[in-house]
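User: I would like to go through this model term by term, setting values against the cut-offs behind the words. Please take the sequence and structure below as the starting point.

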Amino acid sequence: MNTDIIIIGAGPAGLSFARSLAGTGLKAVVVEKFSAEVLANPPIDGRDIALTHLSKGIMERLGVWSRIPEEEISLIREAKVLNGDSPYALHFDHQKVSDDALGYLIPNYLIRKAVYEEVVTLPDVDLITEVTADTVRTDAGMATVTLSDGQTITSKLLVAADSRFSQSRRAMGISASMLDFGRVVIVCRMEHERDHNGIAHECFNYGETLAVLPLSGNCSSIVITLPTSHSDEILNMDPECFNARVQSNFGNRLGQMKLVGERYPYPLVAVHANKFVATRFALIGDAAVGMHPVTAHGFNLGLRGQDTLTTEIRTALARGRDIGSSSLLERYQVKHRRVTRPLYAGTNALVRLYTDDRPLHKVIRKAVLRFGGALPPVKRAIVNQLTEIQN
Ligand SMILES: Cc1cc2nc3c(=O)[nH]c(=O)nc-3n(C[C@H](O)[C@H](O)[C@H](O)COP(=O)(O)OP(=O)(O)OC[C@H]3O[C@@H](n4cnc5c(N)ncnc54)[C@H](O)[C@@H]3O)c2cc1C
């Protein structure tokens, strides 16, 4: 089989990229190990994805936003960052930057479902499911992928969106910096007595981090980050004890809290590929950069990266140029790395500092938060990063 672009991975990044190619006249094949049934009805995975204004704009353009039921889109109106036992909170309010919200929360499984529903309507995209891309090879003329069912596909460009542990990245000889935090993030939903008023809280408590993100009604998305050695205990804890523990760690701000549904664990490993491109090959999504979720940039970067790559491809087509040329790929790499590198380094530095409970670091943690709140340009820069409104 021959096509224009092969995409490995029908996760939210790979499918968004396939959808972005609509109208270019290019043919694409998406290769995915999950079945079509799973893609059409992805299981709940506990993740509520915080999206920036830039991401909302991209998802609207792709027809994905309007496929999300309105009641499943929650608004983050304010955000507060707390540290240790200090009563001080670094506070951000949407009113200074936007009419409605600092950002939006949507369950990950609904994003996956919505983007899949868009892609299956496209005549130029073929989805091959229940197969893995087993070998990948590229040369100056073409890319070749061999699937687990024995098929071989060739194309002008190969795009890998096959997760932060990307096999094709490795097969193409691209190294990656990996940071294993030795921690696990546990996500779940909880109902509570009091209204959250649309306020997201990030509490850098000593020993563990707790994020409480506002969903529709008196319900919040809970994100607990703790050392791996403690995670089983929290995952298996009797729900009553778990409720009491979260309620107390959150300082009883929302009154009585009650677990709804399952708790989902994710080991925390951040990844940044040392190159995003090779001959006729590009990495997008988590395969390019897999972030620590604390700054909620992962999928936002995935959307932005695929958008940057599509823009380069559209420009090449308009000029009658090769869509897999090294100059096109180099431009994509330069533009996207300029965005990802500072965010990746900044997020990891923040995590290191705010998970360090040594006495000197406790003092620095306090000072950094106050510094962020006291200096308007610093605060503005943080808000711009969080909302991506200026872009
Ligand atoms: C707890 C948690 C909270 C998060 N919160 C946020 C947030 O608030 N905001 C935000 O922006 N991001 C957030 N993220 C990050 C976000 O979920 C990821 O960035 C996003 O899901 C990555 O999408 P992807 O398509 O790149 O990769 P994936 O979702 O990993 O998809 C990869 C796909 O490739 C397929 N695949 C892999 N290998 C092969 C192969 N060899 N052949 C065929 N198919 C293959 C897999 O089956 C899968 O479908 C969070 C992540 C976690 C864990």
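User: Why is Glu130 called exposed or buried?

Analyst: Glu130 has a relative accessibility of 55%, and the word exposed is used for a relative accessible area over 50%, buried for one under 20%, and partly exposed for what lies in between, with a 1.4 Å probe and protein chains only; Glu130 therefore counts as exposed. The residue sits in the loop between β8 (125-129) and β9 (133-138), and its phi is near 60 degrees, a positive value in a residue other than glycine. Helices (H or I, at least four residues) and strands (E, at least two) are DSSP runs, numbered from the N terminus. The model is a predicted one, in which local features need pLDDT of at least 70 and side-chain atom pairs count only at pLDDT 80 or more, while totals for chains, interfaces and linings use all residues. Residues are numbered from 1 along each chain as its sequence is written, and side-chain values use heavy atoms, with hydrogens and water left out.

User: What makes Arg280 buried or exposed?

Analyst: Arg280 is at 9% relative accessibility and so counts as buried. Arg280 belongs to the loop between β18 (277-278) and β19 (281-283), and its phi, near 50 degrees, is a positive value in a residue other than glycine.

User: Why is Asp85 called exposed or buried?

Analyst: Asp85 has a relative accessible area of 64%, and is therefore exposed. Its place is the loop between β5 (78-83) and β6 (89-93). From C-alpha to C-alpha, Asp85 and Gly11 are 39 Å apart in space, with their positions 74 residues apart in sequence.

User: How do you know whether Ser55 is buried or exposed, and which residues does Ser55 touch?

Analyst: The relative accessibility of Ser55 is 1%, so Ser55 counts as buried. Ser55 is part of helix α3 (residues 53-61) and, when residues up to four places away in sequence are not counted, touches Asn300, Leu303 and Glu388, where contact means heavy atoms within 4.5 Å.

User: Why is α1 described as largely enclosed?

Analyst: Because 9 of the 9 residues of α1 are buried, this helix is largely enclosed by the rest of the structure. Among the buried residues are Pro12, Leu15, Phe17 and Arg19.

User: What makes a set of residues a nonpolar core, and which have the most contacts inside the largest one?

Analyst: A nonpolar core is a set of buried Ala, Val, Leu, Ile, Met, Phe, Trp, Tyr and Cys residues joined through side-chain atoms within 4.5 Å. The largest has 68 residues, and those with the most contacts inside it are Ile5, Phe17, Met59, Ile106, Leu309 and Ile313. Helix α4 (residues 108-119) contributes the largest share of this core, 6 residues.

User: How do you know that residues come near the ligand, and which come nearest?

Analyst: A residue is near a molecule or strand if one of its heavy atoms lies within 4 Å of it. Of the 30 residues around the ligand, Glu32, Arg47, Ala50, Asp286 and Phe299 come nearest.

User: What makes the pair between Arg47 and the ligand a polar contact?

Analyst: A polar contact is a pair of N or O atoms within 3.5 Å; within protein, one must be able to donate a hydrogen and the other to accept it, and residues adjacent in sequence count only if both atoms are side-chain atoms. A polar side-chain atom of Arg47 is 2.6 Å from a ligand oxygen atom, and a backbone N or O atom of Phe299 is 2.8 Å from an oxygen atom of the ligand.
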